[in-house]
Amino acid sequence: MKTITSLLCAVLGLLSWAILAGPITAVAAESSSVLVFGGTGRLGSEVVKALLDDGHAVTVFARPSSARKRLEGLPVSFVVGDVLDADQVAQRVAEAAPDVIVDALGRGDAPVSFYADSGRNIAQAASAAGVRQLILHGSVGAGDSAAAYPSGRFSRMQKLFEAKTAGENAVRESGVPFTIIRHMRLLSHGTGPSDGLELVADETVGGTVSRVDLGAVTVQCVMQERCFNQILHARSDR
Ligand SMILES: NC(=O)c1ccc[n+]([C@@H]2O[C@H](COP(=O)([O-])OP(=O)(O)OC[C@H]3O[C@@H](n4cnc5c(N)ncnc54)[C@H](OP(=O)(O)O)[C@@H]3O)[C@@H](O)[C@H]2O)c1
């Protein structure tokens, strides 16, 4: 029985890899309401724009002090709070009642524990509010992907990866269907989905991807069952 189960898991793993690999093409998904943490930031604002282009209703969780310049003129709603305050996160998520949450946060000057604490607060709030999907942007190096990160630089990043792993684990254990999208080297430039852009269920894959490309792959996973409970790596080079 155990052998049959292992075989089935292996086949399903290969299938999901095959479905997600290759050029990213537009998939018409139903419109969802999406709450984006970090939506005022460099990655988050690209995620917001891609969601709006795909017809989703977007709310951004921002601090009172967050600069909203990147979202100027865009039809987004805001809820205000600090992600490190668990009560505020729970209240704002309950008020926004989104179908989907996307976590595109960056810690800025905060200690690396930011990723463990923010991941836990968002996961708890998503679970309590009955959110249907939680998408977390993570880093290659976290979880079981250490071998994909350049070994010469790993020890310098280890504490960060440990905190990101703790944030991932909170999301994975939340009971909410999750999608973790990891990247390794992040580019600021890029104007549209790159030809070689791919999202693979393979934790040995590293590479380079732009923030615009990460916006595109995020949208490809919104309320898509093939992305549920998956850890995916994005890259656009080879
Ligand atoms: N591998 C690479 O090459 C590379 C390079 C850079 C970044 N990254 C990763 O990519 C991800 C995104 O980075 P980014 O550079 O695009 O981020 P970013 O531009 O710094 O944006 C970070 C976002 O998080 C928000 N935020 C920070 N602390 C918050 C808090 N306490 N409460 C609520 N919101 C808060 C910021 O809001 P405020 O405006 O209020 O600060 C902002 O919207 C991060 O996970 C980072 O580790 C990877």
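Helices (H or I, at least four residues) and strands (E, at least two) are DSSP runs, numbered from the N terminus. The structure described here is a predicted model, in which local features need pLDDT of at least 70 and side-chain atom pairs count only at pLDDT 80 or more, while totals for chains, interfaces and linings use all residues. Residues are numbered from 1 along each chain as its sequence is written.

The ligand offers a starting point. It is surrounded by 22 residues, where a residue is near a molecule if its C-beta atom, placed from the backbone, lies within 6 Å of it. The closest are Gly-38, Gly-41, Leu-43, Ser-66 and Gly-106. The largest share of this shell, 3 residues, comes from α2. At least two shell residues are supplied by each of α2 (42-53), β5 (133-139) and β7 (185-187).

Helix α2 also belongs to a right-handed β-α-β unit, together with β1 and β2. Right-handed here signifies that, with the strands pointing away from the viewer, the path from the first strand over the helix to the second runs clockwise.

The strands of this unit may now be considered. Two strands pair if DSSP finds at least two bridges between them. Strand β1 (residues 33-37) pairs with β2 in the parallel sense over 5 bridges, and Val-34 stands opposite Val-58 in β2. Strand β2 is also joined by 4 bridges to strand β3 (residues 77-80), and these two run parallel; here Phe-61 stands opposite Val-79 in β3. Of the 6 residues in β2 (57-62), 5 are buried, that is, 20 or more other C-beta atoms, placed from the backbone, lie within 10 Å of their own.

How values were computed. A residue is buried if 20 or more other C-beta atoms lie within 10 Å of its own, exposed if 12 or fewer, and partly exposed in between; C-beta atoms are placed from the backbone.
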